[in-house]
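Okay, thanks everyone, let's get going. I'll put the model up and then we'll walk around it together.

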Amino acid sequence: MPLANHTRSMLLLLLTMTVWGSTFMVTKELITLWPPFTLAFVRVAVGTLVLLPFALSRKTPGVRLPWGAIWSMGLIGVALYYLVFNMAMVHVSASQGALVQASIPAMTALVAVLWLRERASSLRWLGIALSVGGVLIVFSGSGSDGAQSSLFGNSLMFASVVCWGLYTALAKRVAGFDALVITTAVTGAGALLLSPLAGYEIVTAKLAGEGLPPLPLIGWVELLYLGVVASGMAYLLYNASLRHLDASEVGVYTNLIPIVGVLTGVVVLGEPLSTRAIIGGLVVMLGVWITSRSERPVAVTA
């Protein structure tokens, strides 16, 4: 039943994008309870443990994985990405962070043009320029909306956008391997790279006579949500949805992530959203839409 399969894939993709969009709000709440490096490590480590059994069942015996590329992807797309993402969430609201991250497709296209030497049409350049301009509009409100929308935090969030663009370019080098196996290896490498920083935070807290603050029940639920659901099961749902959808449809659905991020930040956390930020976000989305009209790549997701 092709129609039923297509509908089920659309629902799975919608659920996946909703989960990933909600991580801004969940991270914002958790970052007030645990330090950013420790939170990043636990999230990635739990996600790796969820994916590992599935990856082991699909690994072909005798196939040597490209560990050089895997460690590079783990450093840029996992360790550095989650470090700057979590540090940014200390200083910006969930909705602000989502607006800045909405520029990821355009940044990915820019990295592909500058690094991979992909050909860019004038339409693609226009989309990239609009997205960057929209981010600058969001930045221009920094300082007037209080500490949560500081220029420093927005800059860190934009650094995460650059990390993801570089990661996606690196992912093209391993496109011939099983995506689930590669993603599990990359997240595992990222977890190992994050572990010394998490250990430093824990030891520092112990030496200060405090230790890690105990998480309330809702904190543990949110932590498991980030690790098990957002970093583990959501990828499996994403992978399953690709079986019956083409790249253009997936490209449209990925635009839901910042929308969900803004809505959950405003509705659940009650965050204020300035007119300037809304205008900037709309310009970013317009730029992303124009960029996706010229090309709609599907990135490996960590």
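So, let me start at M233, which sits in helix α9 (residues 217-241). When I say helix, I mean a DSSP run of H or I with at least four residues, strands being E runs of at least two, and the numbering goes from the N terminus. Before going further: this is a predicted model, where local features need pLDDT of at least 70 and side-chain atom pairs count only at pLDDT 80 or more, while totals for chains, interfaces and linings use all residues. Residues are numbered from 1 along each chain as its sequence is written, and side-chain values use heavy atoms, with hydrogens and water left out.

Back to M233. Is it buried or exposed, or something in between? M233 is partly exposed, because its relative accessible area is 34%; the cut-offs are under 20% for buried, over 50% for exposed and partly exposed in between, with a 1.4 Å probe and protein chains only. Leaving out residues up to four places away in sequence, M233 touches V50 and V228, where a contact means heavy atoms within 4.5 Å. M233 and L51 are 182 residues apart in sequence, yet their C-alpha atoms are 7.6 Å apart in space.

How far can we trust the coordinates? The mean pLDDT of the chain is 84, and 88% of residues reach 70 or more; pLDDT being the predictor's confidence in each residue, from 0 to 100. Over residues 296-302 the pLDDT is below 50, although this stretch has 23 contacts in the model beyond near neighbours in sequence. Where pLDDT is low, the predicted coordinates should not be read in detail.

Now the overall layout. The chain has 12 helices and zero strands. Of its 302 residues, 50% count as buried. And of the contacts with a separation of 6 or more, 89% are between residues 24 or more positions apart.

On to the core. Which residues of the largest nonpolar core touch the most other members? Out of 68 residues, those are M17, W20, I70, M73, M157, I182 and V186. A nonpolar core here is a set of buried Ala, Val, Leu, Ile, Met, Phe, Trp, Tyr and Cys residues joined through side-chain atoms within 4.5 Å. Helix α3 (residues 67-91) gives this core its largest share, 13 residues. Take M73: not counting residues up to four places away in sequence, M73 touches V78, Y167, L170, A171, V174, I182 and V186. Apart from the largest core lies another, of 10 residues, with M25, V26, L215 and L226 among them.

While we're here, have a look at W164 in helix α7 (residues 151-171). W164 counts as buried because its relative accessible area is 12%. Its C-alpha is 7.5 Å from that of I76, and the two are 88 residues apart along the chain.

Next, helix α4, residues 94-101. Eight of the eight residues of α4 are buried, so this helix is largely enclosed by the rest of the structure. S95, one of them, has a relative accessible area of 0%. What does S95 touch, beyond residues up to four places away in sequence? The list is G261, V262, V266, E271, P272 and L273.

P272 is a nice contrast. P272 lies in the loop between α11 and α12, and P272 counts as exposed because its relative accessibility is 64%. P272 and Q96 are 176 residues apart in sequence and 9.5 Å apart in space, C-alpha to C-alpha.

Last stop, the empty space. On a 1 Å grid over the protein atoms alone, a cavity is a set of points where a 1.4 Å probe fits but cannot get out, a pocket is an open set with protein on both sides within 12 Å along at least five of seven lines, and lining residues have an atom within 4 Å of a point. Grid points are joined across faces, edges and corners, and a volume is the space filled by probe spheres set on the points.

The second largest pocket has a volume of about 170 Å³. Among its lining residues are L99, V262, L273 and M285, and α11 (256-267) and α12 (275-294) each supply at least two.

As for cavities, there are three of 30 Å³ or more. The second largest holds about 40 Å³, and its lining includes S103, M107, I128 and F158.
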